[in-house]
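Thank you for coming, everyone. I would like to walk through one structure with you this morning, and I will ask you to keep the sequence and the model in view while I talk.

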Amino acid sequence: MTILLPLILGYLLGSIPFGLVITKAAGLGDIRSVGSGNIGATNVLRTGRKDLALATLLLDSGKGAIAVIIAYLMGWRPEVAGAAAFLGHCYPVWLGFKGGKGVATFLGTLFALHFPAGIFAGATWLAVAFLLKYSSLAALVAASATPLVLYAMGKPFYALAGLFMALLIFIRHKTNIARLLSGEEPKIGEKKAPAAAGA
């Protein structure tokens with residue numbers, strides 16, 4: 001039960017499609033018909049509403065953190081709850097298992113699970129994004145390094161959860177990886193072709 005309960009809790013929390021809910025409530029229609037068709041904050045920003053994009057970012061990161069905190073309080077496995085919330089965001093049952101790419105939920109989960117690792121991942125993302133101007137590459141580098149950092153910090157079970165999330169981030173970013181390899185991935189601030197799959 002210490003595995004099943006946080007798994008269910010985390011997945012259901014993670015499956016809440018805040019980007020879709022917020023944009024519909026604001027009268028902007030279905031965010032899946034805009035830009036990349038993604039439900040994350042990056043695509044919400046393409047509506048021109050920075051406030052809604054920020055709200056989506058905070059809520060998507062918050063649901064991972066809340067899942068971890070509840071699991072802590074209940075005496076469950078917090079890393080299971082966090083990883084399940086991440087899975088729910090990427091593959092929400094309510095949307096036919098078509099969700100976001102999970103970077104915000106990944107970071108929110110990490111901050112709640114092990115704050116130093118969250119700081120590391122966030123700083124890594126910022127550094128790579130600032131130096132190379134690729135949001136997707138920043139996410140991939142941060143995700144790749146996080147399991148190793150967690151293991152080095154003496155958190156082997158958290159490292160396994162981090163590895164699971166990192167693998168899903170790579171899967172969810174497969175089109176971005178293809179564009180990075182071909183030199184077609186737009187840098188931060190550049191406009192992306194409407195048909196491209198964004199973050």
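I will go through a pair of helices, then the nonpolar cores, and then several single residues.

Please keep in mind from the start that this is a predicted model, and that the values I quote were computed from it.

Let me begin with the helix pair. Two packed helices are described by the angle between their axes and the distance between the axes. Here the two are helix α2, which covers residues 18-25, and helix α4, which covers residues 50-74, and their axes come within 9 Å of each other and cross at roughly 145°. The crossing of α2 past α4 is right-handed. Which residues of α2 and α4 meet there? On the α2 side they are F18, G19 and I22, and on the α4 side they are L52, A55, T56, L59, D60 and K63. Sorted by class, this contact of α2 with α4 holds 5 nonpolar, 2 polar and 2 charged residues.

Now to the cores. In soluble globular proteins, nonpolar side chains tend to be buried together. The largest nonpolar core in this model has 20 residues, and the members that touch the most other members are F86, F106, L150 and I169. At least two residues of this core come from each of α5 (78-90), α6 (103-113), α7 (115-132), α8 (135-152) and α9 (156-172). Which helix gives the most to this core? That helix is α9, with 6 residues.

If you would like to pick out one member on the screen, take I169, which is in contact with F86, K101, F106, A139, L140 and A143 once its neighbours within four places in sequence are left aside. Apart from this core lies another one, of 9 residues, and L20, I22, I31 and V44 are among them. You have already heard of I22, since it is one of the α2 residues that meet α4.

Next, I would like to look at some residues with polar side chains. H89 sits in helix α5, and is it buried or exposed? H89 counts as buried, because its relative accessibility is 5%, and buried means under 20%. The side chain of H89 makes a polar contact, at 3.0 Å, with the side chain of K63, and K63 is one of the α4 residues that meet α2. Not counting residues up to four places away in sequence, H89 also touches several others, including G14, S15, D60, G99 and T105.

Helix α10, residues 174-182, is where we find N176. With a relative accessibility of 1%, N176 counts as buried. Its side chain is joined to that of K101 by a polar contact of 2.3 Å, and K101 is also among the residues that touch H89. The C-alpha atoms of N176 and L140 are separated by 9.9 Å, although the two residues are 36 residues apart along the chain. In the same way, please find R179, which also lies in helix α10 and counts as buried at 13% relative accessibility. The side chain of R179 makes a polar contact of 2.7 Å with the side chain of E185.

Let me turn to the backbone for a moment. Most residues other than glycine have a negative phi. F97, which is not a glycine, has a positive phi of about 65°, and this residue lies in the loop between α5 and α6. K133 has a positive phi as well, near 70°, and is found in the loop between α7 and α8. F97 counts as partly exposed at 47% relative accessibility, and K133 is also partly exposed, with a relative accessible area of 35%.

I will finish with two residues in helices. F120, in helix α7, counts as partly exposed at 29% relative accessibility. Leaving out residues up to four places away in sequence, F120 touches A145, T146 and V149, and its C-alpha atom is 8.1 Å from that of A142, which is 22 residues apart from it in sequence. A71, in helix α4, counts as buried at 0% relative accessibility. Beyond its neighbours within four places in sequence, A71 is in contact with W76, R77, P78 and A81.

That brings me to the end, and I am happy to go back to any part of the model.

Key. Residues are numbered from 1 along each chain as its sequence is written. This is a predicted model: local features need pLDDT of at least 70, side-chain atom pairs count only at pLDDT 80 or more; totals for chains, interfaces and linings use all residues. Side-chain values use heavy atoms; hydrogens and water are left out. Axes are lines fitted to C-alpha atoms, for helices over the stretch in contact, and angles run from 0 to 180 degrees between N-to-C directions. Helices (H or I, at least four residues) and strands (E, at least two) are DSSP runs, numbered from the N terminus. A crossing is left-handed if the near helix is turned anticlockwise from the far one by less than a right angle, and right-handed if clockwise. Contact means heavy atoms within 4.5 Å. Ala, Val, Leu, Ile, Met, Phe, Trp, Tyr, Cys and Pro count as nonpolar, Asp, Glu, Lys and Arg as charged, and the others, Gly among them, as polar. A nonpolar core is a set of buried Ala, Val, Leu, Ile, Met, Phe, Trp, Tyr and Cys residues joined through side-chain atoms within 4.5 Å. Buried means under 20% relative accessible area, exposed over 50%, partly exposed in between (1.4 Å probe, protein chains only). A polar contact is a pair of N or O atoms within 3.5 Å; within protein, one must be able to donate a hydrogen and the other to accept it, and residues adjacent in sequence count only if both atoms are side-chain atoms.
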